[in-house]
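User: I have been going through this fold and would like a close look at one part of it. Please start from that part and then lead me outward through whatever it connects to.

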Amino acid sequence: MQLKILSTGSVGNCYILENEKEALIIELGLNFSKIKEALNFDLSKVVGALVTHEHGDHSGVGGKGIKDALNNGIEVFASAGTFDFFSIKNHNAKIIKSKQAFQIGNFKILPFNVHHDVNEPLGFLIDHEETGRVLFITDTTYIDYTFPNLNNIIIEANYCEDIIKEKLGSTWQGEFLKNRILKSHMSLNTCRDTLLANDLSQVQKIVLIHLSDSNSDERKFKKVIEEATGKIVHVANNNQILEFNKNPF
């Protein structure tokens, strides 16, 4: 299995888990033509698309990413809150709920609630025989749960308090409280603590996603998480492809 990182961050998010037979799209915050291009213009292997929430960098401006996927015959799985925000009603718009598992293709998926400033945002625990159990977390201040037997992790590390302090000096706390983006995303420290709250003994790779353009440091984030977990850590970049398997070989 490969993890294709088409786009990550506030400009747009889209990831694909793909092998020779099937592909699962995660997030539709990218021009759909680029998604088709990444799939070699063959949508027949796409078993579905997961969307965490309504914001444009995850669902397309005005829900265009979701609508384009639906118009191309792809089943899109999201919460009722996400579909309702765009008034989307389509036979391929599949409403999912936190803690109610389902399967598409050979991917078994358990959605769970997260903490973001939208209606019914979700994270996903994805299980496939090739990837093992994959945890996907983005756009949340923290996570209420721990997850056993993880094999790979895709997790947001959006900003670092120390970088904000250096930039803003004594005014940093007031600016932080006024900044909606910072209040609704996961900090580097929370990312580290979330990872360490879980059993990482079987984890192959940790991929850090959705880094802030102005309040992150790629090298620092990678170093902090590597030292804390002892695992292989990648910082997601656009148009990146990673081997993403349960076993290292």
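Analyst: **Helix H3 and its surroundings**

Happy to. The buried residues of helix H3 pack against helix H1 (32–38), helix H2 (56–59), strand S5 (76–78), helix H4 (80–85) and strand S6 (93–95). Please keep in mind that this is a predicted model, in which local features need pLDDT of at least 70 and side-chain atom pairs count only at pLDDT 80 or more, while totals for chains, interfaces and linings use all residues. Numbering starts from 1 along each chain as its sequence is written, and side-chain values use heavy atoms, with hydrogens and water left out.

H3 itself covers residues 64–71, and its buried residues are Gly65, Ile66, Asp68, Ala69 and Leu70. Buried here is under 20% relative accessible area, exposed is over 50%, and partly exposed lies in between (1.4 Å probe, protein chains only). Helices (H or I, at least four residues) and strands (E, at least two) are DSSP runs, numbered from the N terminus. Just after H3, the chain reaches Gly73, which has a positive phi of about 80°.

On the other side of H3 in sequence, Gly60 sits in the loop that links H2 to H3. Gly60 counts as buried because its relative accessibility is 8%. Apart from neighbours within four places in sequence, Gly60 makes contact (heavy atoms within 4.5 Å) with Leu28, Gly29, His55, Gly65 and Phe86. Gly65 also appears among the buried residues of H3, which ties this loop back to the helix we started from. From the C-alpha atom of Gly60 to that of Glu18, 42 residues apart along the chain, the separation is 21 Å.

Stepping back to the loop between strand S4 (46–50) and H2, we find Glu54. With a relative accessibility of 10%, Glu54 counts as buried. Its contacts, again leaving aside neighbours within four places in sequence, are Ser59, Gly81, Thr82, Phe85, Phe86, Val118 and Asn119. Phe86 is thus a contact of Glu54 and also of Gly60.

One loop earlier, between H1 and S4, is Lys45. Lys45 counts as buried because its relative accessibility is 15%. Beyond the residues within four places in sequence, Lys45 touches Glu18, Asn19, Glu20, Lys21, Glu22 and Ala23.

Two of the strands that H3 packs on, S5 and S6, belong to an open sheet of seven strands, ordered S6-S5-S4-S3-S2-S1-S14, with mixed pairing. Pairing requires that DSSP finds at least two bridges between two strands. The edges are held by S6 and strand S14 (240–243); each has a single partner strand, so one side of each has no neighbour in the sheet. On average, neighbouring strands here are turned by 20° against each other, direction ignored. Angles run from 0 to 180 degrees between N-to-C directions, and axes are lines fitted to C-alpha atoms, for helices over the stretch in contact.

Moving across that sheet, strand S1 (residues 2–7) pairs with strand S2 (residues 14–18) in the antiparallel sense over five bridges. Within this pair, Lys4 has Ile16 of S2 as its bridge partner. S1 also runs antiparallel to S14, joined by four bridges, and Gln2 stands opposite Glu243 in S14. S14 has Gln240 and Leu242 on its covered face, with Ile241 and Glu243 on the uncovered one.

Further out there is a second open sheet, also of seven strands and mixed in pairing, in the order S7-S8-S9-S10-S11-S12-S13. Strand S7 (102–104) and strand S13 (232–235) are its edges, each with a single partner strand, so one side of each is left without a neighbour in the sheet. The twist from one strand to the next averages 20°. Strand S8 (residues 107–113) and strand S9 (residues 122–128) pair antiparallel over six bridges, with Ile109 bridged to Ile126 in S9.

Two helices cover parts of this second sheet. H8 lies across strand S10 (132–137), strand S11 (152–156) and strand S12 (205–209), and runs at about 155° to S11. H9 packs on the sheet as well, touching S12 and S13, and its direction makes about 160° with that of S13. The axes of helix H8 (residues 188–196) and helix H9 (residues 218–229) come within 10 Å and cross at roughly 25°. Leu188, Cys191, Arg192, Leu195 and Leu196 of H8 make that contact with Phe221, Val224, Ile225, Ala228 and Thr229 of H9.
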